[in-house]
Amino acid sequence: MNPLITNLMIVGAGSCLGGMARYAVSRAVQSVCNCTFPWGTFIVNVLGCLIIGLIFGFIDRGYQLSAEMRLFLTVGVCGGFTTFSTFMNENYLLFTGSGHLTALLYILSSVVAGFLMLYLAYYITRVL
């Protein structure tokens with residue numbers, strides 16, 4: 001089988017599980033909280049950061065994971081659970097590698113650009 005197709009299937013399977021877990025955890029937390037603050041999403045994002053940090057931390061310490069399992073767990077499961085975890089891991093790598101300024105610029109530009117695009121999308125849908 002084509003390696004790209006294999007990798008897509010690995011990511012898709014992990015994303016499916018991560019997405020289902022995100023929905024279940026977020027709903028469970030929000031139903032317990034019963035408040036306006038989005039605790040479900042907050043918990044999912046923070047938990048996703050913990051999970052991806054553990055995965056990459058173990059890899060850095062020499063724990064062996066096949067390329068397929070790494071792809072399944074990080075891009076698939078964590079990506080389906082929350083892309084925030086990947087965003088934070090990338091910032092950690094920038095912070096420890098390229099420098100603090102690059103990480104800060106990435107964080108600020110991502111948050112500002114993301115919010116502006118969301119605002120623009122809401123505006124476009126109101127005027128159409």
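# A tour of a predicted five-helix model

Start by selecting Cys33 and Cys35: they form a disulfide, with their sulfur atoms 2.1 Å apart. Keep in mind that this is a predicted model.

## Stop 1: the cysteines

A disulfide is a covalent bond between the sulfur atoms of two cysteines. How many disulfides does the structure hold? It holds one. Turn the view until you look along the S-S bond of Cys33 and Cys35. The torsion about that bond is about 85°, so the disulfide is right-handed.

Now show the surface around the pair. Is Cys33 buried, exposed or partly exposed? Cys33 is partly exposed, at a relative accessible area of 27%. Cys35 is partly exposed too, at 31%.

Select Cys16 next. Why is Cys16 not bonded to Cys78? The sulfur of Cys78 is the closest cysteine sulfur to that of Cys16, but it lies 15 Å away, too far for a bond. A disulfide needs sulfur atoms within 2.5 Å. Cys16 counts as partly exposed, with 43% relative accessibility.

Move on to Cys49, which is in no disulfide. Its nearest cysteine sulfur is that of Cys78, 9.2 Å away. Cys49 is partly exposed, with a relative accessible area of 23%.

## Stop 2: the whole chain

Zoom out and switch to a cartoon. Which secondary structure do you see? There are five helices and zero strands. Read along the sequence, the pattern is α-α-α-α-α.

Show the C-alpha atoms alone. They fill a box of roughly 50 × 35 × 35 Å, taken along the principal axes. Now colour by accessibility. The protein has 128 residues, and 21% of them count as buried.

How much of the contact is between residues distant in sequence? Take the contacts with a separation of 6 or more. Residues 24 or more positions apart account for 54% of them.

## Stop 3: helices H2 and H3

Two packed helices are described by the angle between their axes and the distance between the axes. Select residues 39–60, which are helix H2, and residues 67–81, which are helix H3. Their axes come within 10 Å and cross at roughly 170°. That makes H2 roughly antiparallel to H3, because angles over 145 degrees count as such.

Show the side chains where the two helices meet. From H2, pick Val44, Leu47, Gly48, Ile51, Ile52, Ile55, Phe56 and Ile59. They meet Arg70, Leu73, Thr74, Cys78 and Phe81 in H3. Which classes do these residues belong to? Ten are nonpolar, two are polar and one is charged. Notice Cys78 in this list. You passed it earlier, as the cysteine with the sulfur nearest to that of Cys49.

Follow the chain from H2 towards H3 and stop at Ser66, in the loop between them. Ser66 counts as partly exposed, at 37% relative accessibility. Now draw a line from Ser66 to Thr125. They are 59 residues apart along the chain, and their C-alpha atoms are separated by 44 Å.

## Stop 4: Asn89 in helix H4

Select Asn89, which lies in helix H4, residues 83–96. Is Asn89 buried or exposed? Asn89 is buried, with a relative accessible area of 13%. Leave out residues up to four places away in sequence, and Asn89 touches Ile52 and Phe56. Both of these also belong to the contact of H2 with H3.

## Stop 5: helices H4 and H5

Keep H4 on screen and add helix H5, residues 100–127. How do H4 and H5 pack? The angle is about 155°, and their axes are 7 Å apart. They are therefore roughly antiparallel to each other.

Pick out the contact. H4 brings Phe87, Glu90, Asn91, Leu94 and Phe95. H5 brings His100, Thr102, Ala103, Tyr106, Ile107 and Ser110. By class, the contact has six nonpolar, four polar and one charged residues.

## Last stop: Ser110

Centre on Ser110, in helix H5. Ser110 is partly exposed, with a relative accessible area of 26%. Where does its side chain reach? It reaches the backbone oxygen of Tyr106, at 2.7 Å.

Finish with one distance, from Ser110 to Phe87. These residues are 23 apart along the chain, and their C-alpha atoms are separated by 9.2 Å. Both belong to the contact of H4 with H5.

Key
Residues numbered from 1 in each chain as written. Predicted model: local features only at pLDDT ≥ 70, side-chain atom pairs only at ≥ 80, totals over all residues. Heavy atoms only, no water. Buried < 20%, exposed > 50% of the residue type's maximum accessible area, 1.4 Å probe, protein only. Helix = DSSP H or I, 4+ residues; strand = E, 2+ residues; numbered from the N terminus. Polar contact = N/O pair within 3.5 Å; in protein donor to acceptor, adjacent residues only side chain to side chain. Axes fitted to C-alpha atoms, helices over the stretch in contact; angles between N-to-C directions. Parallel < 35°, antiparallel > 145°, perpendicular 65-115°, else oblique. Contact = heavy atoms within 4.5 Å. Nonpolar A, V, L, I, M, F, W, Y, C, P; charged D, E, K, R; others polar.
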